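Please open the structure in a viewer and keep the selection tool at hand. The tour proceeds from the whole chain to single residues.

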Amino acid sequence: MNILVHPTYFPNVAHFAAMLKAGEVIFEMHDNYQKQTYRNRTFIYGANGKLQLSVPVIYSQKERQKYRDIKIHNTEKWQMLHWKSLESAYKTSPFFEFYEDELQPLFTQKSAYLLDFNLKCFETILECLQLDINTSETESFQKETTDQSDFRSLANSRKEPNFDFDNYTQVFGEKHGFISNLSILDLLFNEGTNAVSYLENQFKQL
């Protein structure tokens, strides 16, 4: 099965579980940018519960803009804030120190475009998990797909299905309970390389 997805900021568990089971992952490269989606946001587990991390972008609602043309608002110190949030949330997790050297450059080196940055984050996670996922990119936008399963809806953070994912140990789980479908970073820091086995066991119907 080949699937079509939007590149997102540190994809959530649903995204990664679907991509891991796919024969080929096709990234949508020609859509219009939409606000309030996982394109520029991800959720982690902070001390007070679910915490949103958003990449600031330069976007005008007056005219439609292609996702690939959206620039990151790098005058804001968002990278430093995101990294501090990750440190605060996961410094006591089993695998934060194991992966921090691979991930930290993403929060110090600037990228001009959101889409390019998201693809870089994706590649870094593949390296952390020692995964090889076959990927390609669309050549044009097609509203309907015929030769691949359309998973682009997974980028919509406002209409997220109620995923029935297995529990795993989370840093603040005893305080707030299990929070499902967070950023792949949550799974990585808590489960390490066991994250791959976890992902393979989700979406059993695929």
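The stops below go from the overall fold to one helix and then to individual residues.

**The whole chain**

Begin with the full chain in cartoon representation, bearing in mind that this is a predicted model. The protein chain has seven helices and eight strands. Its radius of gyration is 16 Å, close to the 17 Å that the globule rule gives for 206 residues, so the chain is as compact as a globular protein of that length. Aligned along the principal axes, the C-alpha atoms fill a box of roughly 45 × 45 × 30 Å.

Next, display the contacts. Among those between residues at least 6 apart in sequence, 71% join residues at least 24 apart. Of the 206 residues, 50% count as buried.

Now switch to the surface. The accessible surface comes to about 10,700 Å², and carbon and sulfur atoms account for 43% of that area. If the charged side chains are coloured by sign, there are 21 positive and 27 negative charges, whose mean positions lie 11 Å apart.

**Helix H6**

Select residues 184–191, which form helix H6. Is this helix enclosed or open to the outside? Eight of its eight residues are buried, so helix H6 is largely enclosed by the rest of the structure. The buried set comprises Ile 184, Leu 185, Asp 186, Leu 187, Leu 188, Phe 189, Asn 190 and Glu 191.

To see what covers these residues, add the surrounding elements. The cover includes H1, strand E3 (41–46), helix H2 (78–90), helix H3 (96–103), H4 and helix H7 (194–200). Then step just past the end of H6 to Gly 192, which takes a positive phi of about 60 degrees.

**Gln 170**

Select Gln 170, in the loop between strand E8 (149–150) and helix H5 (173–176). Gln 170 is buried, with a relative accessible area of 5%. Leaving aside residues up to four places away in sequence, Gln 170 touches Tyr 45, Gly 177, Phe 178, Ile 179, Leu 182, Asp 186 and Asn 190. Of these partners, Asp 186 and Asn 190 are also among the buried residues of H6. For a distance check, draw a line from the C-alpha atom of Gln 170 to that of Leu 188: the two are 18 residues apart along the chain and 11 Å apart in space.

**Two residues with positive phi**

Most residues other than glycine have a negative phi. Two exceptions can be visited in turn.

Go first to Phe 10, in the loop between strand E1 (2–5) and helix H1 (13–21). Phe 10 is not a glycine, yet its phi is positive, at about 45 degrees. This residue is buried, with a relative accessible area of 0%.

Move on to Gln 130, in the loop between helix H4 (114–129) and strand E7 (135–137). Gln 130 likewise is not a glycine and has a positive phi of about 55 degrees. Is Gln 130 buried or exposed? Gln 130 is exposed, with a relative accessible area of 72%.

**The cysteines**

Finish with Cys 121 and Cys 128, shown as sticks. How many disulfides does the structure hold? The count is zero. Cys 121 is in no disulfide, and the nearest cysteine sulfur, that of Cys 128, is 11 Å away. For Cys 128, too, the closest cysteine sulfur is 11 Å off, in Cys 121, which is too far for a bond. Cys 121 is buried at 0% relative accessibility, and Cys 128 is buried at 3%.

Key:
Residues numbered from 1 in each chain as written. Predicted model: local features only at pLDDT ≥ 70, side-chain atom pairs only at ≥ 80, totals over all residues. Heavy atoms only, no water. Helix = DSSP H or I, 4+ residues; strand = E, 2+ residues; numbered from the N terminus. Rg over C-alpha atoms; globule rule 2.2 N^0.38 Å. Buried < 20%, exposed > 50% of the residue type's maximum accessible area, 1.4 Å probe, protein only. Contact = heavy atoms within 4.5 Å. Areas by Shrake-Rupley, 256 points an atom, 1.4 Å probe, with all protein chains shown as cover. Lys, Arg positive; Asp, Glu negative; His and termini not counted. Charge placed at Lys NZ, Arg CZ, Asp CG, Glu CD. Disulfide = S-S within 2.5 Å.
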